[in-house]
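Visitor: Please take me through one part of this structure in detail. I would like to see how that part sits in the rest of the chain.

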Amino acid sequence: MTYQQGMEAIDSDMLEKVAAMVEQLDYHQYTGHDVKRALAQDRLSIEDYGAILSPAAAPFLEEMAAKAIAATRRHFGNSIQLFTPLYISNYCENHCVYCGFNCHNRINRGKLTLAEIEEELKAIAKTGLKEILLLTGESRYQSGVEYIGEAVKLAAKYFSTVGIEIYPLNTDEYAYLHACGSDFVSVYQETYNSSKYEQVHLEGPKRIYPYRFYAQERAIRGGMRGVAFGALLGLDDFRKDAFAVGLHAYFFQQKYPHAEISFSTPRLRPYINNAGNNANDVHERQLLQVMLAYRLFLPFAGITISTRERAGFRDHVIGMAATKISAGVRVGVGGHNEAEKGDEQFEIADPRSVEQVHQMILSRGLQPVYTDYLRL
Ligand code: SF4
């Protein structure tokens, strides 16, 4: 837990606030009566949020969905944003037991040159997409901040919105990447249970739990427009982790009201050399409950549904809770223009193209949105 040299410590008590409330959560105490009371509210309290995440809410998914659809319409209309990820490197210095990129997994490693990145970007831009998420494994040595900055500058030439999902940075580094053209930062805590966190992060800088926890604050202080929160559902008690994710975002929004907030809801997936890596007790019904709970607790927050989930589930949740969906996805290094230069992070469950996802969105009476942002 001790910060490594060079890791910036900021003055914030958000971690203690979230941890204290998660510690107190006993979701078995909630009853159907508590869930009904929560669903009768216009604005859910933290207590209500605990109730709708509890097992007692399982029989009320239809009521939750109806309320979630109304909230989604109120805040997002019928728009569904489209984006795709571009992995530019899969080198990683961490040993996370659940991830195909972990430093001990024997996979083909690769990193795109800047010229290769530009060709990938051009190929993706031809599909009509205007939003891109650049990803790396977590290796400062292989994928330094300047390399990522150059990739962001290239991406900003072709895309109106550039997000990054990389290792956590200091405030000045986020400011640098923002100046290069990036506006959004995704950092997922994986699990908020600090003991479990240590058990599944065996080596590398990612072991420093609080440095990761405070990444979103450093990103916003560095000038980023928005940040994403999430836990890898299935690693630990998913109800507690989802409760913690919601509280993290809730306290964050109170402190930084100008920040755009979104959630992601990744579940464990099989990866190369570990076909048995799965989401344990988080089945689709449980995943849906978590997504609906996020929507009802923070109705203005975006929710992204990734290709970790099968097409039928993704189609079902857009417009109900999810407001953003990926399409034309590759999770190896590159792969949009040339063959992939490095192996993938996990198995995807929905390989549909941008055009196919576009048509699906229309068929559900929703509007595919490629950009809501004009870069001046
Ligand atoms: S989850 Fe991230 S940090 Fe961990 S092994 Fe995978 S890429 Fe590396």
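Guide: What follows is a close look at helix H12 and its surroundings.

This is a predicted model, in which local features need pLDDT of at least 70 and side-chain atom pairs count only at pLDDT 80 or more, while totals for chains, interfaces and linings use all residues. Residues are numbered from 1 along each chain as its sequence is written.

The chain as a whole comes first. The protein chain has 14 helices and nine strands; helices (H or I, at least four residues) and strands (E, at least two) are DSSP runs, numbered from the N terminus. Along the principal axes, the C-alpha atoms of the protein chain fill a box of roughly 60 × 50 × 45 Å. Of the 376 residues in the protein chain, 50% are buried. A residue is buried if 20 or more other C-beta atoms lie within 10 Å of its own, exposed if 12 or fewer, and partly exposed in between, with C-beta atoms placed from the backbone.

H12 covers residues 284-297. The helix has 14 residues and reaches 20 Å from its first C-alpha to its last, close to the 20 Å expected at 1.5 Å a residue. That expected span is 1.5 Å times one less than the number of residues in the helix. Because twelve of the 14 residues of H12 are buried, the helix is largely enclosed by the rest of the structure. Among these buried residues are Gln286, Gln289 and Arg295, along with Leu287, Val290 and Phe297.

What do the buried residues of H12 pack against? They pack against helix H3 (46-53), helix H4 (61-76), H11, S6, strand S7 (302-305) and helix H13 (311-317). One of these partners, H11 (residues 238-255), has 18 residues and reaches 26 Å from its first C-alpha to its last, close to the 26 Å expected. H11 is also largely enclosed by the rest of the structure, because 14 of its 18 residues are buried.

H12 also contributes to the largest nonpolar core, which has 108 residues. A nonpolar core is a set of buried Ala, Val, Leu, Ile, Met, Phe, Trp, Tyr and Cys residues joined through C-beta atoms within 7 Å. Met291, Ala293 and Tyr294 are among the residues with the most contacts inside this core, as are Ile52, Ile132 and Leu134. Leaving aside neighbours within four places in sequence, methionine 291 is in contact with Thr265, Ile303, Val317, Ala321 and Ala322. Two residues are in contact if their C-beta atoms, placed from the backbone, lie within 7 Å.

The loop between strand S6 (260-264) and H12 contains asparagine 273 and asparagine 280. Phi is near 75 degrees for asparagine 273, a positive value in a residue other than glycine. Phi of asparagine 280 is near 50 degrees, also a positive value in a residue other than glycine. Asparagine 273 counts as partly exposed because 13 C-beta neighbours lie inside 10 Å. Asparagine 280 has 14 such neighbours, so this residue counts as partly exposed too.

Another loop runs between S7 and H13, and serine 306 is placed there. Serine 306 counts as buried because 23 C-beta neighbours lie inside 10 Å. Not counting residues up to four places away in sequence, serine 306 touches Ser264, Pro266 and Ser326.
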